[in-house]
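Work through these exercises with the sequence and the model side by side. Try each task before reading its solution.

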Amino acid sequence: MDPRFPVPLRGVRVDAQTRCAHYPSPRDVIALRCGACEVYVPCHLCHEATADHPLAPWPRDRFDEPAVLCGVCRETLTAREYLASASDCPRCGAAFNPGCAAHHALYFEGL
Ligand SMILES: [Zn+2]
Ligand SMILES: [Zn+2]
Ligand SMILES: [Zn+2]
């Protein structure tokens, strides 16, 4: 696990704000939590590279639990908080990548 972050987090070439080898743009500053192992990953490809099981979307009945890490302020957001804003961090205002919304079904059950 990565001692730079307050939650268990794994990925490929993760930078200090949770960008990774796959999504290195300025706005790619969140990590998402796997519903199976509960480890945070910068993206689904990072999970594929570091885990021995498929990424499981965060379960719908746990949307009020932390499921997203903001790499800028390093605070966690619940799935509900993240999905309500999606384009920026409700804690620090950091801009998130709106393109992530195209992949929400991978990360959040029922979306
Ligand atoms: Zn997992
Ligand atoms: Zn990645
Ligand atoms: Zn933040």
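**Exercise 1.** Is T50 buried, partly exposed or exposed?

*Solution.* Start with the ground rules. This is a predicted model, in which local features need pLDDT of at least 70, side-chain atom pairs count only at pLDDT 80 or more, and totals for chains, interfaces and linings use all residues. Residues are numbered from 1 along each chain as its sequence is written, while chains are lettered from A and ligands numbered from 1 in the order in which they are written.

Next, take the cut-offs. A residue is buried if 20 or more other C-beta atoms lie within 10 Å of its own, exposed if 12 or fewer, and partly exposed in between, with C-beta atoms placed from the backbone. T50 has 14 other C-beta atoms within 10 Å, so T50 is partly exposed.

Now place the residue. T50 lies in helix 1 (residues 44-50). Helices (H or I, at least four residues) and strands (E, at least two) are DSSP runs, numbered from the N terminus.

**Exercise 2.** With which residues is T50 in contact, leaving aside its neighbours within four places in sequence?

*Solution.* Two residues are in contact if their C-beta atoms, placed from the backbone, lie within 7 Å. Under that rule, and with neighbours within four places in sequence left aside, T50 touches R10 and G11. A16 is 34 residues from T50 in sequence, and the two are 18 Å apart in space, C-alpha to C-alpha.

**Exercise 3.** What is the order of the four strands in the open sheet?

*Solution.* Two strands pair if DSSP finds at least two bridges between them. Go pair by pair.

- Strand 1 (residues 30-33) runs antiparallel to strand 3, with three bridges. Here I30 faces C70.
- Strand 3 also pairs with strand 4 (residues 76-78), antiparallel, over three bridges. V68 stands opposite L77, and P66 has T78 as its bridge partner.

The full order is 2-1-3-4, with antiparallel pairing. Strand 2 (40-41) and strand 4 are at the edges with a single partner strand each, so one side of each has no neighbour in the sheet.

**Exercise 4.** Which element gives the largest share of the largest nonpolar core?

*Solution.* A nonpolar core is a set of buried Ala, Val, Leu, Ile, Met, Phe, Trp, Tyr and Cys residues joined through C-beta atoms within 7 Å. The largest one has 27 residues, and I30, A31, L32, V41, V68 and L69 have the most contacts inside it. Strand 1, strand 2, strand 3 and helix 2 (79-85) each give two or more residues to this core. Strand 3 gives the largest share, four residues.

Check strand 3 itself. Four of the five residues in strand 3 (residues 66-70) are buried. Then look at V68: beyond its neighbours within four places in sequence, V68 is in contact with I30, L32, T76, L77, A79 and Y82.

**Exercise 5.** Where is R74, a residue with a positive phi that is not a glycine?

*Solution.* Most residues other than glycine have a negative phi. R74 has a positive phi of about 60 degrees. R74 sits in the loop between strand 3 and strand 4. These two strands form a hairpin with five residues between them. R74 has 17 C-beta neighbours inside 10 Å, so R74 counts as partly exposed.

E38 also has a positive phi, near 65 degrees. E38 is in the loop between strand 1 and strand 2. With 15 other C-beta atoms within 10 Å, E38 is partly exposed.
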